Amino acid sequence: MAYEVTATRKRPQRFEDLVGQEFVVSTLRNAIEQCRIAHAYLFSGPRGVGKTTSARLLAKALNCVNGPTAEPCGECDNCRGIAKGSSLDVIEIDGASNTGVNDVRVIKEEVLFPPTSSRYKIYIIDEVHMLSQSAFNALLKTIEEPPEYVVFIFATTETQKVPATIRSRCQQFNFQLIPLETIKSLLAQAASEMGIEAEDEALFWIAKESTGSMRDAYTLFDQVVAFSAGKITLAKIREKLGLVGIDRMNEIMHAALEKKGAEAIAKVNTLLSRGVSIEQIIKDFTDYFRSILLIRKGVKSENVLGEQVSAFPADILGAYNEEQLEAALDMFLTLYRDIRYSLNPRFELELAISRLSRLRYVASTATVIEQLARLKNDLVSGTISPLNPVLAEIPTVAPEAAPAAAPAPEPAPAPAQEETPAVPVEEAPAETAPQAEESSRRWSMEDLGDALPQGTVSIDYLDNNSLVLVFSQKLFYQVALRDIDTIRKAIKDKTASDINVILSFSDSQDAAPASPAPEAPAAPAPEPKQEIPAEPAPQKEPVPTPCATKPVAQTSSMSDEQKNLINDLILCFDGREE
């Protein structure tokens with residue numbers, strides 16, 4: 001006996017054997033049992049889901065010797081002739097090769113003659129959307145008022161190409177894609193009938209690749225059986241068909257996640273050396289990121305994902321947010337469109353793999369602006385609340401604790417140790433008025449307390465009774481610069497004296513010893529550059545005063561990554577009024 005492909009051998013011969021189309025089956029069965037036979041039907045849907053098979057089953061049900069019946073016997077001459085395609089009263093026409101108006105004229109002439117040995121003369125026109133506009137127009141009158149013994153069954157994969165005048169004269173049935181689990185169970189049944197051992201993962205992959213088409217699944221199944229030697233395994237499928245596989249995708253993503261770009265590219269080159277095409281790798285990456293994105297959105301159905309959820313490691317699922325996964329998916333979709341015009345598709349693929357190492361830092365412009373604004377507000381308010389998962393492991397910084405840590409260098413006691421050689425300096429205030437004696441008091445950071453702005457690391461005095469507040473972080477310096485009037489008022493209320501407040505910024509971390517008191521007169525030279533007007537609008541950084549050489553206290557135990565974050569914020573908001 002000649003070999004028969006699985007798709008033909010497993011073609012349904014009864015309505016109950018038609019899977020995945022319950023609505024179509026129930027409607028046709030009820031119509032036949034109630035003798036409500038329409039003169040024209042339009043079956044539409046994807047390829048390989050049973051449109052032509054349903055048309056033949058309907059023809060059997062109408063022309064069976066026991067019919068019309070929803071349970072054709074399959075043994076009479078009419079049923080066997082329809083199954084073999086040799087019935088004279090069931091005419092199957094290929095719409096793709098009979099597109100002209102002359103072909104329709106032949107049909108119009110034939111319908112005038114009654115069936116030879118059957119109850120109905122049935123015309124099954126496959127791919128009806130391929131008919132020309134003139135052919136459709138010539139067919140209108142015939143399908144609207146055909147003889148009572150004529151039934152038209154149209155099948156198409158593109159309903160939108162069928163004119164509305166044709167659709168309005170037909171009962172329409174929309175066929176759906178067959179669920180993945182249903183396809184897998186039918187493949188397992190076919191393998192069992194053939195005495196072939198098949199892994200569940202291998203059948204799952206075949207069902208996924210069929211994309212809801214039962215005919216495509218049987219066709220791919222036959223191909224796999226041909227090289228599997230009686231045992232179908234996923235490893236053998238990958239080896240013979242040149243597939244990437246979810247495990248290799250996970251290896252590449254782990255290398256990218258650990259910022260090992262060279263290792264990730266090496267793994268891709270290994271796949272290419274094994275015969276996996278660049279297009280296949282791009283397709284697999286596209287499916288990979290689509291599945292992860294859907295899982296992050298809460299989709300768990302394997303029919304939708306096309307993969308088992310357990311195949312994706314938890315660290316990869318939690319490493320990226322939805323926006324980053326959408327960016328990766330869009331990158332590979334664009335890459336697949338661009339490689340046909342690329343100078344070298346392999347270069348394009350390697351570039352995309354290299355960019356995966358920075359995927360955790362990808363964000364849209366709107367997200368970056370929003371996050372920078374929130375981080376700025378958090379820094380001003382005293383806390384850092386990282387929105388990016390990459391920053392989640394960084395401990396929260398509390399800048400308000402900075403003044404408590406600042407007294408460590410004790411800038412005030414430093415001069416006290418050197419007051420012995422500088423005792424005559426204390427006699428100068430005695431010659432001034434009593435009011436000046438109180439205003440010339442040297443206030444320490446502990447004395448001023450909460451009157452000092454956030455981020456102050458040390459204080460110093462100029463000889464003109466000016467109090468200099470030193471900042472080591474530019475962000476705190478700019479915030480204090482905006483509120484200079486409020487700071488001056490707070491210090492004035494705290495000291496009960498009219499003292500001039502000057503702000504200074506120094507990024508130097510060298511703990512140089514404080515200059516002795518006699519060297520203080522050298523300060524007036526840069527003093528005009530340091531003074532801040534009542535309503536400052538600085539465009540350039542003030543020139544540091546000599547107090548920048550004093551020991552700089554640390555505001556908090558910040559890590560290098562936190563300092564880099566603050567510097568990035570400074571670059572983003574430097575020079576702005578807000």
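1. Ser 291 is a convenient place to start: this residue sits in helix α14, which covers residues 278-296. The model is a predicted one. Ser 291 has a relative accessible area of 2% and is therefore classed as buried, since the cut-off for that class is under 20%. Setting aside neighbours within four places in sequence, the contacts of Ser 291 are Leu 305, Glu 307 and Phe 312.

2. Some totals put this residue in context. The protein has 578 residues, and 44% of them are buried. Its secondary structure consists of 27 helices and 10 strands. Of the contacts between residues at least 6 apart in sequence, 72% link residues at least 24 apart.

3. Helix α6 (residues 133-144) allows a simple check of geometry. With 12 residues at 1.5 Å a residue, the helix should span 16 Å, and the 17 Å between its end C-alpha atoms agrees with this. A student repeating the sum should note that the expected span is 1.5 Å times one less than the number of residues.

4. Which residues of α6 are buried? They are Ala 135, Phe 136, Ala 138, Leu 139, Leu 140, Thr 142 and Ile 143. These buried residues pack against two helices and a strand, namely α5 (101-110), α7 (164-167) and β4 (150-156).

5. The salt bridges number 22 in the model. One of them joins Asp 493 to Lys 489, with 3.2 Å from N to O. Both residues belong to helix α25 (residues 484-495), and because they are 4 residues apart there, about one helical turn separates them. Asp 493 has a relative accessibility of 52%, so this residue counts as exposed. Lys 489, at 55%, is exposed too; the cut-off for this class is over 50%.

6. Other salt bridges share partners, and through them Arg 14, Glu 16, Asp 17, Arg 29 and Glu 71 form one network. Within this group, Arg 14 and Glu 16 are bridged to each other, their closest N and O atoms lying 3.3 Å apart. Is Glu 16 buried, exposed or partly exposed? Its relative accessibility is 39%, so Glu 16 is partly exposed. Arg 14 falls in the partly exposed class as well, with a value of 41%.

7. A further bridge lies in helix α18 (residues 345-356), where Arg 346 and Glu 350 are 4 residues apart, or about one turn of the helix. The closest N and O atoms of this pair are separated by 3.5 Å. Arg 346 has a relative accessible area of 34% and so is partly exposed. For Glu 350 the figure is 21%, which also means partly exposed. The value for Glu 350 should be read with the cut-off in mind, as buried begins under 20%.

8. The second largest pocket holds about 600 Å³ of space. Its lining has 26 residues, and those nearest the centre are Arg 11, Pro 12, Gly 48, Gly 50 and Thr 53. Helices α1 (6-9), α3 (51-63), α8 (180-193) and α10 (214-228) are the elements that each supply two or more residues to this lining.

9. What is the make-up of the lining of the second largest pocket in nonpolar, polar and charged residues? The lining contains 10 nonpolar residues, 8 polar ones and 8 charged ones. When checking this division, the student should remember that Gly is placed among the polar residues.

Notes. Residues numbered from 1 in each chain as written. Predicted model: local features only at pLDDT ≥ 70, side-chain atom pairs only at ≥ 80, totals over all residues. Heavy atoms only, no water. Salt bridge = Lys/Arg side-chain N within 4 Å of Asp/Glu carboxyl O. Buried < 20%, exposed > 50% of the residue type's maximum accessible area, 1.4 Å probe, protein only. Contact = heavy atoms within 4.5 Å. 1 Å grid on protein atoms, 1.4 Å probe; cavity = no way out; pocket = protein on both sides within 12 Å on 5 of 7 lines; lining within 4 Å. Points joined across faces, edges and corners; volume = space filled by probe spheres on them.
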